[in-house]
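Let's take a walk through this model together. Please have the structure open as you read.

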Amino acid sequence: GSTLSSLGLNPQEEVRTEEGYSLDYVVGWCGQQVAIEVDGPSHFVGREPNGATRFKRRQLRRLGWTLVSVPYWEWQELRLGLAAENIDEREKKGSRSGSMMTPQERQMAYIQDAIARHARAE
């Protein structure tokens with residue numbers, strides 16, 4: 001929660017949906033509630049989500065949630081202020097007139113890109 005709080009997102013932690021699902025975080029974003037799930041190693045077989053994790057994601061999206069699932073290895077990068085692949089690309093294109101993004105800008109860009117990516121997938 002501290003990573004999301006440092007971005008000014010004021011997350012609610014461990015939110016239980018009416019259907020009984022537990023969500024790691026819920027944040028307000030552009031007028032909507034967005035669930036953020038940080039999936040640890042037990043949610044994966046290699047780097048692919050396991051069946052139970054895929055099922056939960058599918059159910060939450062069908063229930064109307066905008067869902068951002070962040071694998072543990074990306075969450076660690078985010079917490080450390082390191083770039084995700086798509087953020088590196090944005091920097092290479094000179095989104096800040098060729099200057100480097102601050103760690104907080106990188107984190108916010110990661111969250112924005114993740115929400116946009118998952119909204120397109122729905």
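The paragraphs below begin with the sheet, then turn to a buried charge and a group of rings. Keep in mind that this is a predicted model.

Start with the sheet, which is open and has four strands in the order S1-S2-S3-S6, with mixed pairing. Strand S1 (12-16) and strand S6 (66-71) are the edge strands; each has a single partner strand, so one side of each has no neighbour in the sheet. From one strand to the next, the twist averages 40°. If you look at S1 and S2, you will find them running antiparallel, joined by four bridges. One residue to look for here is Arg16, whose bridge partner in S2 is Ser22. Now bring helix H2 (residues 51-62) into view: H2 lies across S2, strand S3 (32-39) and S6, and runs at about 155° to S6.

Next, find Asp24 within strand S2 (residues 22-29). Does this side chain sit buried or exposed? Asp24 is buried, yet has no salt bridge. The nearest side chain of opposite charge is Lys56, 6.0 Å away, and a salt bridge would have to fall within 4 Å. Leaving aside residues up to four places away in sequence, Asp24 touches Gln12, Glu13, Glu14, Ile36, Glu37 and Val38.

Finally, turn to the rings. The whole structure holds three aromatic pairs. One of them joins Tyr72 and Trp73 edge-to-face, at 5.1 Å centre to centre and 85° between the planes. Tyr72 counts as partly exposed because its relative accessibility is 35%, while Trp73, at 16%, counts as buried. Through ring pairs, Phe44, Tyr72 and Trp73 are linked into a cluster.

Methods. Residues are numbered from 1 along each chain as its sequence is written. This is a predicted model: local features need pLDDT of at least 70, side-chain atom pairs count only at pLDDT 80 or more; totals for chains, interfaces and linings use all residues. Side-chain values use heavy atoms; hydrogens and water are left out. Helices (H or I, at least four residues) and strands (E, at least two) are DSSP runs, numbered from the N terminus. Buried means under 20% relative accessible area, exposed over 50%, partly exposed in between (1.4 Å probe, protein chains only). Lys and Arg count as positive and Asp and Glu as negative; His and the chain ends are not counted. Contact means heavy atoms within 4.5 Å. Two strands pair if DSSP finds at least two bridges between them. Axes are lines fitted to C-alpha atoms, for helices over the stretch in contact, and angles run from 0 to 180 degrees between N-to-C directions. Rings of Phe, Tyr and Trp (its six-membered ring) pair if their centres lie within 6.5 Å; planes under 30 degrees apart count as stacked, over 60 as edge-to-face and the rest as tilted.
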